[in-house]
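Hi,

Here is the structure I promised to pass on. Have a look at it first, and then read my notes below.

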Amino acid sequence: MNTTAARTSASTATREPEARLAVVDDEANLRDLLGSSLTFAGFEVHTAGSGAEAVTLMTQQSVDLVVLDVMLGDMDGFEVTRVLRNRGITVPVLFLTARDDVESTVAGLTVGGDDYVTKPFSLEELVARIRAVLRRTKESSESSAILRYADLEIDDDAREVRRAGRLINLSPTEFELLHYLVANAGRVLSRMQILDHVWDYDWRGEPTIVESYISYLRRKVDAPGPDGEEVVPLIHTRRGLGYVLKTP
């Protein structure tokens, strides 16, 4: 298993790394290229060539973000993410995928992924996506306010969400999206407003990612309680306009 940091170029050797990344891909050439390119871009990079190696790496090494190929030989990237989340490892995950089908491309976000890049991609696009995920994760973790709406509570300091006292597990991007909705409770937010605020860069992918994340949040935030009791839906669609968090 290759879990050592990618070789640092002379131009970055004396510079504090911008962040620590894990790159997981079973194609050695692409894995090495990404490792050296991201190192040159200013990151500290650790690599793994399989899903099992990735899980081992993440339990032994602290990183700020994982760049994870969806199509791995032993287990796919979605399963790797599911295993990490089940072990309490909440590191942000950015998927690499060659799939053209938007539905299958964003499917992995339901298990706790934060973004995806479709192959082929440019290094500039990948770095922009990485920095955007890192930025919104940092912004969420640095805030110490507690937001409340109805029986929903968001603790930014602890990065916890509770509904009627019940803990709701969210990925960093889901957390940021819910935070934006709660901070603007009662206000209809368009898809473009959400993309601009939550994804925080020149989005070149499918805008349907917003609908996908709204759907994921509804399944978690508006889900029945542990005893099957119904809850009042908080996340609503305003057809043709956008989304709003409000009580009926």
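**What I found**

The chain's secondary structure comes to 8 helices and 11 strands; helices (H or I, at least four residues) and strands (E, at least two) are DSSP runs, numbered from the N terminus. Bear in mind that this is a predicted model, where local features need pLDDT of at least 70, side-chain atom pairs count only at pLDDT 80 or more, and totals for chains, interfaces and linings use all residues. Residues are numbered from 1 along each chain as its sequence is written, and side-chain values use heavy atoms, with hydrogens and water left out.

Of the chain's 248 residues, 48% count as buried (under 20% relative accessible area, with exposed over 50% and partly exposed in between, using a 1.4 Å probe and protein chains only). If you take contacts (heavy atoms within 4.5 Å) between residues at least 6 apart in sequence, 60% of them join residues at least 24 apart.

**The parallel sheet**

One open sheet has 5 strands in the order S2-S1-S3-S4-S5, with parallel pairing (two strands pair if DSSP finds at least two bridges between them). Strand S2 (44-48) and strand S5 (115-118) are at the edges with a single partner strand each, so one side of each has no neighbour in the sheet. On average, neighbouring strands here are turned by 20° against each other, direction ignored. For angles, axes are lines fitted to C-alpha atoms, for helices over the stretch in contact, and values run from 0 to 180 degrees between N-to-C directions.

Helix H1 (residues 28-40) packs on this sheet, where H1 touches strand S1 (20-24), S2 and S4, and its direction makes about 170° with that of S2. Strand S3 (residues 65-69) runs parallel to strand S4 (residues 93-97), joined by 4 bridges. Val-67 has Leu-94 in S4 as its bridge partner.

**The antiparallel sheet and its helices**

Another open sheet is made of 4 strands in the order S6-S7-S8-S9, and here the pairing is antiparallel. Its edge strands, S6 (146-149) and S9 (166-168), each pair on one side only. Strand S8 (residues 160-163) is joined to S9 by 3 bridges, and Arg-163 has Arg-166 in S9 as its bridge partner.

Two helices lie across these strands. H6 crosses S6, S7 and S8, at about 120° to S7, while H8 crosses S7, S8 and S9, at about 160° to S9.

How many of the 12 residues of H6 are buried? The count is 11, so to speak a mostly covered helix. Among the buried ones are Phe-175, Leu-177, Leu-178 and Tyr-180, but also Glu-174, Glu-176 and His-179. Helix H6 (residues 172-183) should span 16 Å at 1.5 Å a residue (the expected span is 1.5 Å times one less than the number of residues), and its end C-alpha atoms are indeed 16 Å apart. H8, with 14 residues, reaches 20 Å from first C-alpha to last, close to the 20 Å expected.

Asp-155 may catch your eye too. It sits in strand S7 (residues 152-155) and counts as buried because its relative accessibility is 18%. Leaving aside neighbours within four places in sequence, Asp-155 is in contact with Ala-145, Ile-146, Glu-160 and Phe-175. Asp-155 and His-179 are 24 residues apart in sequence and 9.6 Å apart in space, C-alpha to C-alpha.

**The hairpin**

Strands S10 (residues 235-238) and S11 (residues 242-245) pair in the antiparallel sense over 4 bridges, with Ile-235 opposite Leu-245. They form a hairpin with 3 residues between them, and Gly-240 in the turn has a positive phi of about 80°.

**The cores**

In soluble globular proteins, nonpolar side chains tend to be buried together. A nonpolar core here is a set of buried Ala, Val, Leu, Ile, Met, Phe, Trp, Tyr and Cys residues joined through side-chain atoms within 4.5 Å.

The largest one has 50 residues, and Met-58, Val-66, Leu-178 and Ile-194 have the most contacts inside it. Its largest share, 7 residues, comes from helix H8 (residues 208-221). This core draws at least three residues from each of domain 1 (19-141) and domain 2 (146-245), with bounds from an automatic or database domain assignment. Apart from it lies another core of 18 residues, including Val-23, Leu-38, Leu-65 and Val-133.
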